[in-house]
Amino acid sequence: MKDMRGIYYDSDFVTQGESFDKKYLDKDCSGKWSEFKEFFLRFTDYKCPICERPIDNYADIDHYRPKNAGYPFLKCRYRNYMIMCADCNRGY
């Protein structure tokens, strides 16, 4: 399993993420995570951080803390997104 905490120290990722947060504050951000998907892919060396199998641009990005189960206020916050393969996304 890859430790993803380091991505939050990447200045380009943080800049893009903060811009994302401001842009979608109180707006629908559904599907907009693609704006910083490439950062996740590069950081993980194009591997799922959970199972470490290769992933590509079709990898899933989903909410770390569920947007509908107690965390609706994190729905459009870049720090609440995580990239992973489809199998791990549906399994965890």
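Threonine 44 sits in the loop between helix 2 and strand 1 of this predicted model. At 2% relative accessibility, threonine 44 falls well within the buried class, because the cut-off for that label is under 20%. Setting aside neighbours within four places in sequence, the contacts of threonine 44 are Lys2, Met4, Pro49, Ile55 and Ile83.

One of those contacts, Met4, turns up again at the largest pocket. This pocket holds about 390 Å³ of space. It has 16 lining residues, and those closest to its centre are Met4, Ile50, Tyr64, Met82 and Met84. As for secondary structure, strand 1 (60-63), strand 2 (81-84) and helix 3 (86-91) each put at least two residues into the lining. By residue class, the lining of the largest pocket breaks down into ten nonpolar, two polar and four charged residues.

Next comes the nonpolar interior. In soluble globular proteins, nonpolar side chains tend to be buried together. Here the largest nonpolar core counts 24 residues, and Phe13, Phe36 and Phe40 have the most contacts inside it. Helix 1 (11-23), helix 2 (37-43) and strand 2 each bring at least two residues to this core, with strand 2 giving the most, at four residues. Strand 2 thus has a hand in both places: it supplies at least two residues of the pocket lining as well as its four in the core.

Phe36 deserves a closer look. Not counting residues up to four places away in sequence, phenylalanine 36 touches Phe13, Gln16, Phe20, Tyr78 and Tyr81. Apart from Gln16, these partners also appear, along with Phe36, in a cluster linked by ring pairs, whose members are Tyr8, Phe13, Phe20, Tyr24, Phe36, Phe39, Phe40, Tyr78 and Tyr81.

Aromatic pairs come to twelve in total. Among them is a tilted pair made by tyrosine 8 and tyrosine 78, with 6.4 Å from centre to centre and 55° between the planes. This pair ties together distant parts of the chain, 70 residues apart: tyrosine 8 belongs to the segment before helix 1, and tyrosine 78 to the loop between strand 1 and strand 2. Tyrosine 8 and tyrosine 78 are both buried. Phenylalanine 20 and phenylalanine 36 make an edge-to-face pair, because their planes meet at 85°, with the ring centres 5.0 Å apart. That pair, too, links distant parts of the chain, 16 residues apart, with phenylalanine 20 in helix 1 and phenylalanine 36 in the loop between helix 1 and helix 2. Phenylalanine 20 and phenylalanine 36 are likewise buried.

Key. Residues are numbered from 1 along each chain as its sequence is written. This is a predicted model: local features need pLDDT of at least 70, side-chain atom pairs count only at pLDDT 80 or more; totals for chains, interfaces and linings use all residues. Side-chain values use heavy atoms; hydrogens and water are left out. On a 1 Å grid over the protein atoms alone, a cavity is a set of points where a 1.4 Å probe fits but cannot get out, and a pocket is an open set with protein on both sides within 12 Å along at least five of seven lines; lining residues have an atom within 4 Å of a point. Grid points are joined across faces, edges and corners, and a volume is the space filled by probe spheres set on the points. Ala, Val, Leu, Ile, Met, Phe, Trp, Tyr, Cys and Pro count as nonpolar, Asp, Glu, Lys and Arg as charged, and the others, Gly among them, as polar. A nonpolar core is a set of buried Ala, Val, Leu, Ile, Met, Phe, Trp, Tyr and Cys residues joined through side-chain atoms within 4.5 Å. Buried means under 20% relative accessible area, exposed over 50%, partly exposed in between (1.4 Å probe, protein chains only). Contact means heavy atoms within 4.5 Å. Rings of Phe, Tyr and Trp (its six-membered ring) pair if their centres lie within 6.5 Å; planes under 30 degrees apart count as stacked, over 60 as edge-to-face and the rest as tilted.
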